[in-house]
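Good morning, and thank you for making time for this presentation. I should like to introduce a structure that will be new to most of you.

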Amino acid sequence: MKYYDKLIFELSREGRTGCSLPSKCDSCAGTDAIPAGLRRAQPAALPEVSEPDVVRHYTALSQMNFGVDSGFYPLGSCTMKYNPKINEEIAAMPAFAALHPLQNDLPGVQAVYEGLDRALAAITGMKHFTFKPCAGAHGELTGLMIIREYHMSRGDMKRTRIIVPDSAHGTNPASAAVCGLEIVEVKSNAGGLVSVDDLKPLLDDTVAGIMMTNPNTLGLFEKDIREIARLVHDAGGLLYYDGANMNPLIGTVRPGDMGFDVMHLNLHKSFSTPHGGGGPGSGPVGVCEKLVPHLGVNVSGFNGNFGVMLRAYAYILMLGRQNVKLCGKLATLGANYIKESLKDVYRLPLTQVCKHEFVFDGLTHDGSCEGRQGATTLDVAKRLLDYGYHAPTIYFPLLFHQAIMIEPTETESKETLDAFIGVMRRIADEAASDPGILQGAPHNTPVSRPDETTAARNPILKFQDA
Amino acid sequence: MMAGFQYFPHTDSDIQAMLKRIGVKSLDDLYADVPEEFIYKGEYDLPDAMTEQEVREFFEGLAAKNPRLKVFAGAGAYDHYTPAVIPYITQRSEFLTAYTPYQCEISQGTLRYIFEYQSMICTLTGMDVSNASMYDGPTAAAESMRMSVAQAKKKNTVLVSSTLHPQVRGVVRTYAEYSGVTVREIASCNGQTSICSLEELMQEGDVAGVIVPSVNRFGIIEDLAGFADIIHAGKALFTVYCDPSALAVVKTPAEWGADVAVGDGQPLGIPLCYGGPYVGFMACRKDYMRKLPGRIVGETRDREGRRAYVLTLQAREQHIRREKATSNICSNESLMALWVTVYLSLMGPEGMRRVNDLCYQRSHYLYSRLLGTGKFEAVFPDAVFLKEFVLKPLVPVRDLQQRLSDAGFFAALETEEGYVSFCVTEKRSIADIDALVNALES
């Protein structure tokens, strides 16, 4: 990766263009005919650049970026698996890409919705899905709306509280708040699982349901799920499954069988569609039979992110009934392999078998001694960048102060994991002998650690011509 | 044990060696903590695994079943031309296969294009601050509804113009319903948001925000003179919902005195793709910067003093604030933000002028040709439109649509009032337009 310091605006020269459109005919009226009172005073300050300028600029930007195709990306709770290339070709097929969202009588499109619905139902044990949500958090919001609709349709108006474990993804409480629900937090026990004893007193006739991630954000399977489901259902509540951590269960365990009533999936995590630097995703929501009448909540403009659905469906067809059975298991295998290979040099607070991810609580020996500050989780993460790896998720979940959350996925080979393990051990050695190496990291990236405090105190949020 | 699947690199001996290190005997043992009854023992109801060629042929087969129609419809999704450069850039795997740019030192590419995107949205809308993207236009409008109510403290009503696309009003209503916010519609007058109706509703009080389109669902460029004064006198937030392509020509939300600008970036060269992925945009005046939902990229310096970009003002976001965040949004539509950034770079001010000129010229040509068939009446003869317009059909709408579809056109969408709408972008030639009119006359 090499540093490149231009913004597209800085390449601009008056009179250049990268546009190949013709001008309108000279004698015809154009936008000049629009009354002045409805026209903008000044043209927008867009760059004036040629097509080769644009291509070189964005190629240079891409070379300061790291993706799954660049190298190992063990980002916990993000499921950075390989993104198959055939999926991109299918999503770009003009016969799909040219369809207007309000067109009807499209048997080929209908087959995609029905086929993907059926496949996701098979994998999750849910009855049907809606594809309108555009991302995971959007799916959470949709699922919670469905839960509220269900209760209200039964005239049960006072169920406005939702139980959320303290280990939940930040989107869970945020989605609940957007849905107008009051959040009740349930604590994790010493084993990192939802405490059944703490849950019991929270359950009453004001509880709409519980949001659970299983395996949870510590990568641990909530093994009391049967008891939890019984308690919540007996109290008249519903169970929401946060599908962000679905990957280890694909092909082995179905949320529907565990008693979950509503769930979302992140097609951009579990079903191999690319994350695109933060999106587009797709967050279809599946429900059990009794909630099917409420699937129609209207949460986005048209029909959901169809282009993302095409990719996910292509991936599932290639998995097929044969390969699907190994998907979650191999992801789980990789996570446990890394955990067991590093637990002597990184603190492992919870030692039991994990699922697709697990959490270390910082270095066993951080190199601190009299007057010398030890290396933190942030320093480990930044040092990994020097060695050509993306960092794991850090400082989440909030249950540990120095959390390092590692998720390898099933598309990584043993050699890749061994090399990563080797580097993590080397970093632990460096920390023990000279934590300064880590504290100064990264050393080999296009930029070193930026000053984030100044960025927030004195925000510069757009290009301003000097 | 392994059949060999191209996305799974594990050999049998790899698996055995890894299991040994872990200290278990089989892959099943890794699920020993899962109650036995929850281990799925049935056969998954999925097709047999397909090869890559079979998958390709499967989708080619499905694609062939969809009729290929020339699109003369808009209604919130516009068939503008996509320059070849864009997919070439957005398919670069360093962009495509990256996550959200949390590790800024190896994400300067993503961060820099988001900064450029924010800058372009600001210059198009005239606003001070843009976020890094929302899911789509309607959800961006819903977020502006939430932002209005959040800043207004005690007021709990949001007004939406009845000239907004139905999907925008629909999604705003959905979000409002669960937040206990009342949504009321401003009536229309001659195809535009009625300023009288706005005044009446404002006088009833409790209004936290008002959402009005710049180019509305009839294709009309609205005259929003006077709106800001009325809305601000009622201490409400003024949001303008806009088509960003049209903003290259029409008056900006800032010029109308708005506080917030939202809309869908799709008209900036994003393929129709049956409705998504698109990209919502949201920008505001500086005063509301810390109330914006979603990610924001800011400029700073690294330790060596080099210009660097980071996610900033994160105290607004769900991963920090949880239930107190300004929104629950996490993943957005980043790659589609890159899409429109590359589009706007290629087009520049001159290209955006040409697009709008061609849309204006050709849509007006179709408008007069359609009136000439005698099958339509003008509805808003004095209104100014840019690329989309409505007519009153004098023949049954179903027949009209059938005839057009048989001739290879998707056009004449029916509005709530029983009008039909047409849209002409620069992609439709004069010959296409003549063919459409001929299909109606034959």
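I shall speak about confidence, then domains, then a sheet, and lastly two pairs of helices.

Please keep in mind throughout that this is a predicted model. Its scores are ipTM 0.98 and pTM 0.98. For chain B, the mean pLDDT is 96, and 99% of the residues in that chain reach 70 or more.

Let me turn to the domains of chain A. The assignment gives domain 1 as residues 8–62, domain 2 as 85–320 and domain 3 as 327–453. Taken over C-alpha atoms, the centres of domain 1 and domain 3 of chain A are separated by 47 Å.

Next, I ask you to look at chain B. How many strands form the open sheet there, and in what order? There are 4, arranged as S13-S14-S17-S16, and their pairing is antiparallel. At the edges are strand S13, residues 376–378, and strand S16, residues 413–414, each of which pairs on one side only. In general, the strands of a sheet pair through backbone hydrogen bonds, in either a parallel or an antiparallel manner.

Within this sheet, strand S14 of chain B, residues 388–393, is joined by 4 bridges to strand S17 of chain B, residues 420–423, and the two run antiparallel. One position to find on the display is B:Leu391, which stands opposite B:Val420 in S17 of chain B. Helix H11 of chain B, residues 334–372, packs on the sheet and touches S13, S14 and S17 of that chain. The direction of H11 makes about 5 degrees with that of S14 of chain B.

I come now to the helix pairs, beginning inside chain A. Helix H5, residues 136–153, packs against helix H6, residues 171–178, at an angle of about 50 degrees, with the axes 9 Å apart. Because of that angle, H5 of chain A is oblique to H6 of chain A. Their crossing is right-handed. Among the residues that meet are A:Gly136, A:Leu141 and A:Leu144 from H5, and A:Thr171, A:Ser175 and A:Val178 from H6.

The second pair involves both chains. Which angle do the axes of helix H9 of chain A and helix H1 of chain B make where they cross? H9, residues 306–342 of chain A, and H1, residues 12–22 of chain B, cross at roughly 50 degrees, and their axes come within 9 Å. These two helices, H9 of chain A and H1 of chain B, are therefore oblique to each other. This crossing of H9 and H1 is left-handed. The residues that meet here include A:Leu333, A:Tyr337 and A:Glu340 in H9, with B:Ile15, B:Met18 and B:Arg21 in H1.

Thank you for your attention.

Methods:
Residues are numbered from 1 along each chain as its sequence is written. Chains are lettered from A and ligands numbered from 1 in the order in which they are written. This is a predicted model: local features need pLDDT of at least 70, side-chain atom pairs count only at pLDDT 80 or more; totals for chains, interfaces and linings use all residues. Two strands pair if DSSP finds at least two bridges between them. Two residues are in contact if their C-beta atoms, placed from the backbone, lie within 7 Å. Axes are lines fitted to C-alpha atoms, for helices over the stretch in contact, and angles run from 0 to 180 degrees between N-to-C directions. Domain bounds come from an automatic or database domain assignment. pLDDT is the predictor's confidence in each residue, from 0 to 100. Angles under 35 degrees count as roughly parallel, over 145 as roughly antiparallel, 65 to 115 as roughly perpendicular and the rest as oblique. A crossing is left-handed if the near helix is turned anticlockwise from the far one by less than a right angle, and right-handed if clockwise.
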